[in-house]
Amino acid sequence: MKLKIDKVVYGGYGLAKENNTVYFVPYTLPDEEVEIEVVEDKKDYKLGRLVDVLKPSEYRVKPACEYFTACGGCDFQHTTYENQLLLKKEILKDQLLRIGKIETEIEKIIPSKEPFRYRNRAQLKFDGKNLGFYKKDSNDLVNIDYCLLLKEDIEKLLNPLKKFLIKYAITPSNIHIFSNTKEEKLIRFEFLDESQFSNIIYDMNIFREEIDEKIKGIGFYAKHKRYSLLGEDVVFESIGDYKFRVSMDSFFQVNVYQIKNLIDEVASEIKNEGFKKLVDFYCGVGTLTIPASKYVKEALGIESNEEAVKDAKANIKHNKLKNVKFLKAQTEKGLKYAKDFLPEVVIFDPPRSGLNRKIINKISQIQTVRKIIYVSCDPSTLSRDLRQFIENGFKIKKVKLIDMFPQTYHIESISILER
């Protein structure tokens, strides 16, 4: 059937309406006339597969990667990077209005210096023969030889890694690779259970010789527990004037071109404000806490991941700071520490699930809190949470879009609330 696409919505789908029926079609653009095949008939909408573009958008381009549409990693390679940013801006505005009843302009768009080769982390799947990523909305594995989103040094080890795993009959289901700016790598091999450890080689030299000489450490995991380690489990990353220790089991921002931009944007909301105390929830290794601490008398970071907290505490020493503390605590328990700490500014950088009403209410009850900086990777949960902050007496001062994930539908933003 033939449709005209009205707009692109969160998730990367083009939306069309025909005879009171809503259609979602991936890899399409606004105002395009397309031919589709309905592949799923849901209660409230139909999901279409793009068969042909009858009238293409002026912003449509040839995808750079042969795996595009087969592999589920990218959503927007069929349009220019400039247009991707505009699409994300409109999607963010639409989500804020539809879910949060918030009508606001996006004050600033911070593009990635490069729209490819930006990822310092890869999460790969392996089935004993194929190494790659899942298809969109599927557990079907797409075997890849390259990925244009990855830093080149990670991409270069894909084929040696695949050959190595097949040669020695090592069968991890998941492989996580992190590479710093010096191209030093940490690799996690995750197995379904310990019985699959039998073919593992406990000799780092073999891994370095056959896969990559800059492997710094390798961990072998089953059921989220590390059973053994080769080499070291930490590397260091320098961002501007700051040095961060990052371990195998902690998180660091994935876009090498945007980490400093994110730090600078958050810091710009704190300096020259005269704040004495700051709390940073979901602080990770202290990526935002440590730079922000430069502009307050005391900073407190709260994080539930034990390894990340160890890294964060080490990063206090690496950056020669005396006004920062980190606590291991779930966010709900961390609220008690925050209440006693009496901060004037609070940073949130939660997972996609966002915050919950209890967190929002408790923070709002701390009378000293004058500013909230909310870094979000999901505009849906962001919109819900901002509405609840507004109901608690805060006002949105600005929303910025920082593109951490070019070529994908994911939207990172920074919202500033004050009261």
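With which residue does lysine 371 form a salt bridge? In this predicted model, the partner of lysine 371 is glutamate 273, and the closest N and O atoms of the pair are 3.8 Å apart. Lysine 371 belongs to strand β21 (residues 371-376), while glutamate 273 sits in the loop between α5 and β17 (277-281), so the bridge ties together parts that are 98 residues apart in sequence. The two ends are not equally accessible: lysine 371 is buried, with a relative accessible area of 2%, whereas glutamate 273 is partly exposed, at 34%. Salt bridges with shared partners join both residues into one network with Lys108, Glu265, Glu269, Lys398, Lys400 and Glu418.

Side chains of opposite charge can pair when their charged atoms come close. The structure holds 35 salt bridges. One of them links lysine 108 to glutamate 265, with 2.6 Å between the closest N and O atoms. Lysine 108 is part of strand β7 and glutamate 265 is part of helix α5 (residues 259-268), so this pair ties together parts that are 157 residues apart in sequence. Lysine 108 is partly exposed, with a relative accessible area of 36%, and glutamate 265 is buried, with a value of 10%.

A further salt bridge is formed by the side chains of arginine 117 and glutamate 155, at 2.8 Å from N to O. Arginine 117 is located in the loop between β7 and β8 (121-126), and glutamate 155 in helix α2 (residues 152-156); the pair therefore ties together parts that are 38 residues apart in sequence. With a relative accessible area of 22%, arginine 117 is partly exposed. Glutamate 155 counts as buried, at 16% relative accessibility, because the cut-off for buried is under 20%.

Nonpolar residues form separate cores. The largest nonpolar core has 81 residues, of which Leu161, Ile175, Phe189, Phe207 and Ile270 touch the most other members. Strand β13 (residues 215-222) gives the most to this core, contributing five residues. Phenylalanine 207 touches Phe164, Phe189, Ile201, Asp212, Ile215, Ile218, Phe220 and Leu230, when residues up to four places away in sequence are not counted. A second core, separate from the largest, consists of 36 residues, including Phe76, Ala338, Ile360 and Leu401.

Helix α1 covers residues 81-100. At 1.5 Å a residue, its 20 residues should span 28 Å, which agrees with the 27 Å between its end C-alpha atoms. The buried residues of α1 are Tyr81, Asn83, Gln84, Leu85, Leu87, Lys88, Ile91, Leu92, Gln95, Leu96 and Gly100. These buried residues are covered by elements including β2 (7-9), β7 (108-110), α10 (379-391), β22 (395-402) and β23 (413-418). Just after α1, lysine 101 adopts a positive phi of about 55°.

Strands of a sheet pair through backbone hydrogen bonds, either parallel or antiparallel. Six strands form an open sheet in the order β1-β5-β6-β4-β3-β2, and their pairing is mixed. Its edge strands, β1 (2-4) and β2, each pair on one side only. From one strand to the next, the twist averages 50°. Within this order, β5 (residues 33-41) and β6 (residues 46-55) pair in the antiparallel sense over eight bridges. Valine 34 has valine 53 in β6 as its bridge partner.

Tyrosine 23 is a residue of strand β4 (residues 21-26). It counts as buried, at 5% relative accessibility. Apart from neighbours within four places in sequence, tyrosine 23 is in contact with Met1, Leu3, Gly14, Leu15, Ala16, Glu18, Ile36, Val38 and Lys46. The C-alpha atoms of tyrosine 23 and lysine 42 are 9.9 Å apart in space, and the two residues are 19 residues apart in sequence.

Glutamate 213 lies in the loop between α4 (204-210) and β13. Glutamate 213 is exposed, with a relative accessible area of 66%. Its C-alpha atom is 10.0 Å from that of leucine 157, and the two residues are 56 residues apart in sequence.

How values were computed: Residues are numbered from 1 along each chain as its sequence is written. This is a predicted model: local features need pLDDT of at least 70, side-chain atom pairs count only at pLDDT 80 or more; totals for chains, interfaces and linings use all residues. Side-chain values use heavy atoms; hydrogens and water are left out. A nonpolar core is a set of buried Ala, Val, Leu, Ile, Met, Phe, Trp, Tyr and Cys residues joined through side-chain atoms within 4.5 Å. Buried means under 20% relative accessible area, exposed over 50%, partly exposed in between (1.4 Å probe, protein chains only). Helices (H or I, at least four residues) and strands (E, at least two) are DSSP runs, numbered from the N terminus. Contact means heavy atoms within 4.5 Å. The expected span of a helix is 1.5 Å times one less than its number of residues. A salt bridge is a side-chain nitrogen of Lys or Arg within 4 Å of a carboxyl oxygen of Asp or Glu. Two strands pair if DSSP finds at least two bridges between them. Axes are lines fitted to C-alpha atoms, for helices over the stretch in contact, and angles run from 0 to 180 degrees between N-to-C directions.
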